[in-house]
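Welcome to a short tour of this structure. Take a look at the view below, and then we can walk through it topic by topic.

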Amino acid sequence: MTRLRHKKRESFLLCPQCRSPEIFLVAGMITGQVYLCKNCGYQGSLVLEVDAPADATTKPG
Ligand SMILES: [Zn+2]
């Protein structure tokens, strides 16, 4: 019995202001999770979460 676990769903976060991936979760806040962007200095709980493209090497057309 072969069971393959193909978990290839990686997502990453983007800054909602400058769309930079240089955004990190800052823990220890009373309001909950707060993210900090290293690129533009954005701070907030709202971030863009996008899925990594499965076929990044494939060229369209
Ligand atoms: Zn930013």
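With angles of 107 to 113 degrees among its four donor atoms, the site of the zinc ion is tetrahedral. Please keep in mind that this is a predicted model. Here is the picture, starting at the metal.

**Zinc site**
- Four cysteine sulfurs coordinate the zinc ion at 2.3 Å: Cys15 (SG), Cys18 (SG), Cys37 (SG) and Cys40 (SG).
- Along the chain, the donors of the zinc ion follow the spacing C-x2-C-x18-C-x2-C.
- For reference, the ideal angle for four tetrahedral donors at a metal is 109.5 degrees.
- Cys37 is buried, because its relative accessible area of 2% falls under the 20% cut-off.
- Cys40 counts as partly exposed at 35% relative accessibility, because that value lies between the 20% and 50% limits.

**Sheet**
- Three strands make up an open sheet, ordered β2-β3-β4, and the pairing is antiparallel.
- At the edges are β2 (23-26) and β4 (43-44), each of which pairs on one side only.
- Four bridges link β2 and strand β3 (residues 34-37) in the antiparallel sense.
- Phe24 stands opposite Leu36 in β3.

**Nonpolar core**
- Six residues form the largest nonpolar core: Cys15, Ile23, Tyr35, Cys37, Tyr42 and Val47.
- Two of the zinc donors, Cys15 and Cys37, also belong to this core.
- Beyond its neighbours within four places in sequence, Val47 is in contact with Leu13, Leu14, Pro16, Ile23 and Tyr35.
- In soluble globular proteins, nonpolar side chains tend to be buried together.

Terms used
Residues numbered from 1 in each chain as written. Predicted model: local features only at pLDDT ≥ 70, side-chain atom pairs only at ≥ 80, totals over all residues. Heavy atoms only, no water. Core = buried A, V, L, I, M, F, W, Y, C linked by side-chain atoms within 4.5 Å. Buried < 20%, exposed > 50% of the residue type's maximum accessible area, 1.4 Å probe, protein only. Contact = heavy atoms within 4.5 Å. Donors = N, O, S within 2.8 Å, 3.2 Å for Na, K, Ca; no water. Tetrahedral: all angles 85-135°; square planar, octahedral: opposite > 155°, others 65-115°. Pairing = 2+ DSSP bridges. Helix = DSSP H or I, 4+ residues; strand = E, 2+ residues; numbered from the N terminus.
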